Amino acid sequence: MTITNDDNDRHQNQCEKMEVNENLRSQYTIGSNDFILVDEVGERPKKNVKEKFHELSTCLNNNSKTVFTYKTITKRLPILQWWPTYTTEDGIGDLLAGITVGLTLIPQSMAYSALAGLPPQQGLYGSFVGSLMYVFLGTCKEVPMGPTAIVSLMTYNTLHGLGPVYGTLLCFLTGVIQLIMGVVGLGFLIDFISGPVNSGFTSAVAILIVASQIKDLIGIKAAGTTLLDMIISISKDISHYQLGDTWLGIICIVVILLLRRMALCQIGPKDVNEQTTFHKVMNRSMWLIGTFRNSIVVMVSSYVGYLYITSTGHDVTSNDIPPIPFKVVGKIPSGLPEFDLPKFSITRDNGTTIGFFEIVSNIGSGVIVLPIIALIETISICKTFADGKPVDATQELLATGLCNIGNSFFHAYPGSGSFSRSAVNAASGVRTPMEGLYAGILVIFALLFCTPYLYYIPKAALAAIIIAAVIFMVEVRVVRPIYRSKKSDLIPGLATFFACLVLPLEIGVLIGIGLNLVSILYHAARPKLLIEVHKTRDGINYLMVTPDRCLVFPSVDYVRNLVMKQSLKRELPVVIDCSHIYGADFTAAKVIEMLTQDFSKRGQALFFYNLKPSVVAVFEGVQPKGFITYYHRHDLDRLFQRWKQQRQQIEHASAE
């Protein structure tokens with residue numbers, strides 16, 4: 001039964017009867033104007049199949065019209081939003097940022113390709129098509145598409161040395177999955193990865209990346225997907241370490257870190273307006289030198305490699321290893337890669353063919369986890385540089401997916417947005433996503449004209465670039481804020497961190513997500529209840545129970561037990577404040593039915609305050625006896641008066 005103030009006479013009559021007739025029920029379930037959530041409850045007219053088909057076709061027709069509107073097109077092609085207002089100043093800013101990022105991207109992409117267990121040119125192949133496509137599809141000007149440390153390590157753990165052909169197919173499948181997620185609106189899935197889980201995953205990945213690069217840093221052979229496997233593998237071959245690789249790698253790391261520090265230094269007053277021209281020129285020069293640290297190290301170490309190799313008279317066109325104290329990259333195919341579809345079947349040397357499904361089976365679960373991790377990295381960058389503006393996760397899904405699909409046609413492996421290059425982009429004064437055009441052109445130039453010089457790059461220098469970049473990804477600084485904020489959030493974060501170190505990365509991520517879901521389900525099953533003793537104007541004490549969320553099957557028994565326990569303990573009538581209950585299910589309705597029956601048998605009052613009409617409809621679906629709702633405080637006084645009179649009558653009758 002529902003009490004409203006639609007009409008005083010009808011309201012008084014309702015209080016006297018305490019039950020409503022079925023033909024009057026609908027007019028008492030609408031609620032008053034001061035109701036918190038407004039909803040309409042009513043029976044929908046039944047429709048036959050023809051009417052439903054006509055309704056569906058009309059809906060599809062309307063949706064198809066909205067797809068080709070100018071608003072939708074500009075939303076899915078963001079270049080149409082900023083290109084009409086593109087200025088010369090924007091072009092200069094993007095050109096400088098693109099060159100800066102391109103000079104950072106070339107050595108990084110080669111290093112990350114080695115991290116993925118693939119040839120260095122495959123990293124370069126994935127550094128220009130995606131950059132060019134993101135100009136048209138991207139929403140964040142700071143995001144540079146290409147190989148990244150996290151995705152490269154995920155690629156290595158997913159492929160297990162299967163080779164470049166599998167890497168290209170993985171890139172295609174990653175793009176397809178991301179594209180499908182964007183089309184069907186599954187961007188919300190990244191919300192299930194909390195900040196602590198993301199920090200734990202990132203920190204573990206950084207440690208794994210450092211461990212994976214030790215082999216090139218000291219010139220030995222090692223492998224492994226977990227930290228324990230890497231340590232065991234390194235320990236077996238540690239006796240064959242090369243002193244030349246070790247010294248060169250250590251020197252490169254020190255130089256990179258010093259140059260990185262130089263980029264952060266400033267001379268003169270902190271206020272730019274107070275700096276002289278000399279101060280500004282020096283600060284800008286130090287920033288440029290520090291920003292180009294990877295390129296500087298690669299060029300200098302390559303020159304050292306060139307001097308060593310030419311002094312020995314080694315033939316660089318051969319496949320033999322140069323007789324020098326350190327290992328070099330070696331031959332890289334010159335020119336752009338051929339446009340080709342990914343291989344959906346592979347023919348072995350013995351003539352047998354591996355089908356598509358067998359290839360996907362060999363790749364394993366990483367084909368699902370890797371696209372989500374790549375998306376998380378890109379979305380995190382967008383949120384970091386959004387300046388409080390909303391991030392269109394769906395568009396970023398579509399953009400990242402299409403970029404990976406485009407890269408797969410040029411023999412690349414999966415990529416995403418890069419944190420380190422995004423910081424360089426922002427510091428370089430990027431104005432629009434057009435910087436990706438210039439960065440992509442620079443990579444194309446390197447592939448066309450610079451590949452003979454890439455032969456001399458020491459592998460230890462590339463390992464140093466990776467190590468110097470990822471050691472700052474270990475997020476130790478977030479532990480204290482999490483501990484001060486909510487200690488329990490450390491559990492999924494630390495669990496993810498250790499699980500990713502000792503187990504495959506995809507398993508570690510799933511463990512973190514699983515712990516998050518357990519936490520969410522626990523809080524859903526254990527809503528907080530505020531229980532207070534109130535008094536009516538007539539002096540009747542009652543318990544006011546206020547749940548803080550909706551009633552669904554995991555939580556309703558818990559709420560019922562608490563209400564029963566408190567009502568029996570204090571022997572007071574109970575009012576359940578339903579202001580925060582916005583939904584319920586059939587299980588909740590059945591439990592409410594049992595609750596009202598229990599209170600009715602004991603002659604104890606139970607009223608529901610401010611219950612949403614749609615929830616009333618759910619509860620009344622099971623036709624509970626003695627189910628009474630009201631929407632105004634003064635109605636409660638009349639309900640308690642009536643309940644008190646009925647109780648006195650029952651006591652009087654039992655006494656006689």
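Start by selecting Ser-131 in this predicted model: with 4% relative accessibility, Ser-131 counts as buried. Ser-131 sits in helix H8, which covers residues 129-137. Show the atoms around Ser-131 and, apart from neighbours within four places in sequence, you will find contacts with Met-145, Gly-436, Leu-437 and Gly-440.

**Zoom out to the whole protein**

Colour by secondary structure next, and you have 28 helices and 10 strands to look through. The protein has 656 residues, and 49% of them count as buried. If you draw contacts between residues at least 6 apart in sequence, 77% of those contacts join residues at least 24 apart. Switch on the surface: about 33,000 Å² is exposed, with carbon and sulfur atoms supplying 61% of that area.

**The annotated transmembrane regions**

An unreviewed UniProt entry places the feature "transmembrane region" at residues 165-190, 246-264, 285-309, 354-376, 437-455, 461-479 and 491-522. Select two of these spans in turn. Residues 246-264 are 100% helix and 0% strand, and their end C-alpha atoms lie 28 Å apart. Residues 491-522 are 94% helix and 0% strand, with 14 Å between the end C-alpha atoms.

Stay here and pick out Ile-491, Val-502, Leu-503, Ile-507, Leu-510, Ile-511 and Leu-515, which make a nonpolar surface patch of about 560 Å². Helix H23 (490-502) and helix H24 (505-525) each supply at least two residues of this patch. Which helix gives the most to the nonpolar patch? That is H24, with four residues. One residue to click on is Leu-510, which lies in H24 and is partly exposed at 48% relative accessibility.

**A loop with a distant partner**

Now go to Glu-475, in the loop between helix H21 (459-470) and helix H22 (479-485). Its relative accessibility of 21% makes Glu-475 partly exposed. Draw a C-alpha to C-alpha distance from Glu-475 to Gly-200: the two are 275 residues apart in sequence and 7.7 Å apart in space. Beyond its neighbours within four places in sequence, Glu-475 is in contact with Ser-199, Thr-202 and Ser-203.

**Salt bridges**

Side chains of opposite charge can pair when their charged atoms come close. The structure holds six salt bridges, and three of them make good stops.

- Select Arg-431 and Asp-90, whose closest N and O atoms are 3.1 Å apart in a salt bridge. This pair links distant parts of the chain, 341 residues apart: Arg-431 is in the loop between helix H19 (419-427) and helix H20 (435-454), while Asp-90 is in helix H6 (residues 88-115). Arg-431 is partly exposed at 39% relative accessibility, whereas Asp-90 is buried at 11%.
- Move to Lys-590 and Glu-593, joined by a salt bridge with 3.1 Å between the closest N and O atoms. Both residues lie in helix H26 (residues 586-602), three residues apart, about one turn of the helix. Lys-590 is partly exposed at 36% relative accessibility, and Glu-593 is buried at 13%.
- Finish with Arg-638 and Asp-635, whose side chains meet in a salt bridge at 2.7 Å, N to O. These two are separated by about one helical turn because they are three residues apart in helix H28 (residues 633-655). Arg-638 is partly exposed at 25% relative accessibility, but Asp-635 is buried at 0%.

**Two backbone angles to check**

Most residues other than glycine have a negative phi. Select His-411, which is not a glycine, and you will find a positive phi of about 65°. His-411 lies in the loop between helix H18 (393-408) and strand S5 (416-417) and is partly exposed at 28% relative accessible area. Then try Asn-610, another non-glycine residue with a positive phi, here about 60°. Asn-610 is in the loop between strand S9 (606-609) and helix H27 (613-620), and Asn-610 is buried, with a relative accessible area of 5%.

**Last stop: the cysteines**

How many disulfides are there? The count is zero, with a disulfide taken as two cysteine sulfur atoms within 2.5 Å. Select Cys-382: its closest cysteine sulfur, in Cys-140, is 4.2 Å away, so the two are too far apart for a bond. Cys-382 is buried at 3% relative accessibility. For Cys-171, the closest cysteine sulfur belongs to Cys-403 and lies 9.9 Å away, also too far for a bond. Cys-171 is buried too, at 0%.

Notes. Residues are numbered from 1 along each chain as its sequence is written. This is a predicted model: local features need pLDDT of at least 70, side-chain atom pairs count only at pLDDT 80 or more; totals for chains, interfaces and linings use all residues. Side-chain values use heavy atoms; hydrogens and water are left out. Buried means under 20% relative accessible area, exposed over 50%, partly exposed in between (1.4 Å probe, protein chains only). UniProt positions are given in the numbering used here, feature names are shortened, and annotations may be inferred rather than shown by experiment. Patches are made of residues with over 30% relative accessible area and no salt bridge: like charges are joined within 9 Å, nonpolar side chains (Val, Leu, Ile, Met, Phe, Trp, Tyr) within 5 Å. Accessible areas come from the Shrake-Rupley method with a 1.4 Å probe; for residues, only the protein chains shown count as cover. A salt bridge is a side-chain nitrogen of Lys or Arg within 4 Å of a carboxyl oxygen of Asp or Glu. Contact means heavy atoms within 4.5 Å.
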